[in-house]
Amino acid sequence: MNCTRCDRTTDDTFLCWECVRGLRGQLRTIPWLVAQLQLSITRQSKLSANRVGGRSDETPVPFDERASDALDHLHTTLVRWVRDLTESRGATYTGADGTPALGMWLAHNVVTVMHSEDAGLLCSEVDTAVQHAGRAIDQPDPPIYRGPCPTVTGDGYRNLADRCGADLYGARGTDFVRCHRCGCQHDVRKLEQRMLAEMDDRLMTGAEIRRVMRELGEPVPESTFFHWRKTSRIQARGWMHDGRITDHFLHRNDPPVFRLGDVRTARQGGVDVVE
Ligand SMILES: [Zn+2]
Ligand SMILES: [Zn+2]
């Protein structure tokens, strides 16, 4: 099979991992983009209000049309794709209202996107909307979202560490990012791994899970994976039927899907790794 975005060969998905990485990066920039667009809309409307001496009852409230057009474009694009994935792939929308939440939900559901025939179209539409937003705020190359700052700031409830949590953004192609709140510097590669780990509740086929585990730096050999299945260390949580996850077996060719978190737990206990 080939990637519907760049034509690279994939293992039975409509999107290759390079394109998934690119898409996820763009989606994670959306909260920042939306904040910048809104800032620019308010700033512009204040500016214009001052210019007319505050007599806003005589003139229509001016606003930054460029920014608000870009915001509309971004919102419409995301709504359409979230709707498409929930209707055609059986995904459930669990996010809040608003453009940033839609973007983050898609970022969390990239595995579902990978199984959608329209994955390539989704990528190019998101790319166009994100670039439109970047131009509207004169930031053609917006920084990339790297997740919440993981710096431990104290002992929280039941020894679960309190963390700084400030949103981290870094320029494209940089290996380190500095937190504006606590000043700590973080390795982008490690932050990326933390974000992948958030995917613990995702259901994926064995092949997908092994690939994600490799990305996480927690590789599981195929033989070990089969051994864990045979000994019930990990169990199927459903089946993939026509690209959709079902909770019962529909066809003998349907591959079983597993919970990423189950496999990671099995690996942590990982004494009987079979090579
Ligand atoms: Zn690709
Ligand atoms: Zn911080």
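**Two zinc sites and a four-stranded sheet**

Strand E8 has two faces: Gly238 and Met240 sit on the covered one, Trp239 and His241 on the uncovered one. That fits the usual pattern, since side chains in a regular strand alternate between the two faces of the sheet. Strands here are DSSP runs of E with at least two residues, helices are runs of H or I with at least four, and the numbering starts at the N terminus. Everything below comes from a predicted model, in which local features need pLDDT of at least 70 and side-chain atom pairs count only at pLDDT 80 or more, while totals for chains, interfaces and linings use all residues. Residues are numbered from 1 along each chain as its sequence is written, chains are lettered from A and ligands numbered from 1 in the order in which they are written, and side-chain values use heavy atoms, with hydrogens and water left out.

E8 belongs to an open sheet of four strands, in the order E7-E10-E8-E9 and with antiparallel pairing. Two strands count as paired if DSSP finds at least two bridges between them. The edges are taken by E7 (203–205) and E9 (244–246), each of which pairs on one side only. On average, neighbouring strands of this sheet are turned by 45 degrees against each other, direction ignored. For such angles, axes are lines fitted to C-alpha atoms (for helices, over the stretch in contact), and values run from 0 to 180 degrees between N-to-C directions.

How is E8 (residues 238–241) joined to E9? Three bridges do the job, with the two strands antiparallel. Histidine 241 stands opposite arginine 244 of E9, and tryptophan 239 has threonine 246 as its bridge partner in that strand. Towards E10, E8 makes two bridges, again antiparallel. Tryptophan 239 turns up here too, with proline 256 as its bridge partner in E10.

Now for the helices around the sheet. Helix H7 (residues 206–215) lies across E7 and E10 (256–259), and runs at about 105 degrees to E7. In helix H8 (residues 222–230), Thr224, Phe225 and Trp228 are buried. These residues are on the same side of H8, because they cover an arc of only 100 degrees around the axis. The arc is that of the directions from the helix axis to the C-beta atoms. In general, an α-helix has 3.6 residues a turn, so residues three or four places apart point the same way. Buried stands for under 20% relative accessible area, exposed for over 50%, and partly exposed for anything in between (1.4 Å probe, protein chains only). The cover over the buried residues of H8 includes H7, E10 and helix H9 (260–268), with contact taken as heavy atoms within 4.5 Å.

Two residues have an unusual backbone: most residues other than glycine have a negative phi. Serine 232, just after H8, takes a positive phi of about 60 degrees. This serine 232 is in the loop between H8 and E8, and is partly exposed at 43% relative accessibility. Aspartate 7 is not a glycine either, yet has a positive phi of about 75 degrees. Aspartate 7 is found in the segment before H1 and counts as exposed, at 54% relative accessibility.

The zinc ion (ligand 1) is held by the SG atoms of Cys3, Cys6, Cys16 and Cys19, at 2.3 Å. Donors are N, O and S atoms within 2.8 Å of the metal (3.2 Å for Na, K and Ca), and sites may look incomplete because water is not among the atoms. The four donor atoms around this zinc ion (ligand 1) subtend angles of 105 to 118 degrees, so the arrangement is tetrahedral; for four donors, that label requires all angles to lie between 85 and 135 degrees. Along the sequence the donor residues of ligand 1 are spaced C-x2-C-x9-C-x2-C. Cysteine 3 and cysteine 16, both in the segment before H1 (17–51), are 13 residues apart. Cysteine 3 is buried, with a relative accessible area of 3%, and cysteine 16 is buried at 6%.

The zinc ion (ligand 2) is also coordinated at 2.3 Å, through the SG atoms of Cys149, Cys164, Cys179 and Cys182. Here the donor angles are 104 to 117 degrees, which makes the arrangement tetrahedral. The spacing along the chain is C-x14-C-x14-C-x2-C. Cysteine 149 lies in the loop between E1 (144–148) and E2 (152–155) and cysteine 182 in the loop between E5 (176–178) and E6 (185–187), so the pair ties together parts that are 33 residues apart in sequence. Buried or partly exposed: which describes cysteine 182? At 31% relative accessibility, cysteine 182 is partly exposed, whereas cysteine 149 is buried, at 1% relative accessible area.

Note on methods
Tetrahedral: all angles 85-135°; square planar, octahedral: opposite > 155°, others 65-115°.
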